Each structure stands twice: as C-alpha cells, then as structure tokens.
Amino acid sequence: MKRKKANGSMELRNESKLKLSAKLFVSFLKIGPTTFGGGYAILPVIDKEVTERRGWLSSKEMSEITALSGAAPGGIGVNVAALAGYRIAGIPGLLSAVVGISLPTIIIMLILCAAASGFSDNRYVQAALHGIKPTVVALIVYAAIRMKKQALYNPVTWGVAATCLILLLFFPVQPLFVLAIGIVIGLVAEAVFSSKSTGGKKQEQGKHHSM
C-alpha cells in the first residue's frame, strides 16, 4: 500500500497535467458503467481507484473531498470526480474526470430510455431491479464505514453524526439544515480547541519564564 502511494506521488510530480488528465479520463470512464445506484454507492469504487489502485490521493484527502461533495449541490459522484480531478491535475483533470464519469451514464440512459417502453413490465427486468436495490444499500453502508475511519475520531464527531442521524430519521428537517448544523458545531469545536491549545502554550511559556 505504501509503495503504491509513493508511486502515485511520484507520478503526480513527474507527469504533465495532460497525461494525468488522460489517465483520469480512462479511470473514471471505467468507473461509470460498472457502478449501479449512483450517489453514495459509487464512492467506494472511486475511493479504491484513486487511493488504492492509483495512489493519487490519500484516504484523508478523499474523506475531505467526499465531505465537500456531499455539502455541495448536485450529484455527489460527479462532485467527487470533479474535486478529485482538480486536486490531481487542476482544471484539465477536473474536466477529464467529469466527462469520463458522465459519458457512460449518458449513453446507457439514452439506450435504456429508448428500450424502456418495451421492457418496463417485463418480470425479469423487475426482478433484476429488486435485486439491485439491496446491493445499493450495501454499497452506501460500505462507503460510510470507510469514511468513518477519517470522520469519526473523537466524541464531538460521534455526537454530531448521531444528532444529524436522529434529525434526518425522526424529524422533517431539510438536509441543508443538517449540514449547516454540522458546519456550525465543527467551527465552534475548532475555536474551543484552538483557544485551549493557545492557553496551554501560554501557561507553559509562563512557567519557563518564571524558572
């Protein structure tokens, strides 16, 4: 794993943005048609490709990108592709990743729309869709478990996650409001932590001066 990450870092330093953009396009072009469910279901595949297989980004960077993508408008899969592409190869990387992940979906949806009228009532098609639904749930849970390692690391983050989950499950609140709550709590916690750290350093410096 460490060797792959080192190779990925070397690749980012040595290759031009155009070459990296071409590789990003191919990688996301392969991801698009192999992932069903969209949204959070596509995150484990992107994460594995970018962090484990290619070593372009660290798990922490992918966790930050996922958090930003979830807070931004639009589909999270495309948002993650855009931010990851930009982090890896700038604007050319962003465009390549977005086009790569979107193109297969557009083509497949055009084909499905053309054939939907004739197969929508087919029992085999309906059975396949019923089988896909629990698979999508499993993919979303897997993505959440992978994100947990980077996102839930102290009592404050666990408390934010639990509070937001309760609000979403049992109260008619907008997801944007829940995101705002997380942002405010995060800023307050950071301010408190920073003030404590500053106060501790001043106390240590005062002790040294008194000695």
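User: What classes make up the lining of the largest pocket, and how many residues are in each?
Analyst: The lining has 28 nonpolar, 8 polar and 4 charged residues. Ala, Val, Leu, Ile, Met, Phe, Trp, Tyr, Cys and Pro count as nonpolar, Asp, Glu, Lys and Arg as charged, and the others, Gly among them, as polar. This is a predicted model: local features need pLDDT of at least 70, side-chain atom pairs count only at pLDDT 80 or more, and totals for chains, interfaces and linings use all residues. Residues are numbered from 1 along each chain as its sequence is written, and side-chain values use heavy atoms, leaving out hydrogens and water.

User: Which residues lie nearest the centre of the largest pocket?
Analyst: Ala-67, Met-147, Ala-151, Leu-152 and Val-160, out of 40 lining residues. Helices H4 (59–71), H6 (123–151), H7 (155–170) and H8 (175–210) each give two or more residues to this lining. H8 gives the largest share, 12 residues. A helix here is a DSSP run (H or I, at least four residues), numbered from the N terminus.

User: Why is H2 called roughly antiparallel to H3?
Analyst: The axes of H2 (residues 17–34) and H3 (residues 43–53) cross at roughly 150 degrees, coming within 10 Å. Angles over 145 degrees count as roughly antiparallel, so H2 and H3 get that name.

User: What makes the contact between H2 and H3?
Analyst: Ser-27, Phe-28, Lys-30 and Ile-31 of H2 meet Val-45, Ile-46, Glu-49, Val-50 and Arg-53 of H3. Contact means heavy atoms within 4.5 Å. These residues divide into 5 nonpolar, 1 polar and 3 charged.

User: At what angle do H3 and H4 pack?
Analyst: The angle is about 145 degrees, and the axes are 10 Å apart. Angles run from 0 to 180 degrees between N-to-C directions, with axes fitted to C-alpha atoms over the stretch in contact.

User: Which residues of H3 and H4 make that contact?
Analyst: Leu-43, Ile-46, Asp-47, Val-50 and Thr-51 of H3, with Ser-59, Met-62 and Thr-66 of H4. By class, they are 4 nonpolar, 3 polar and 1 charged.

Conventions:
On a 1 Å grid over the protein atoms alone, a cavity is a set of points where a 1.4 Å probe fits but cannot get out, and a pocket is an open set with protein on both sides within 12 Å along at least five of seven lines; lining residues have an atom within 4 Å of a point. Angles under 35 degrees count as roughly parallel, over 145 as roughly antiparallel, 65 to 115 as roughly perpendicular and the rest as oblique.
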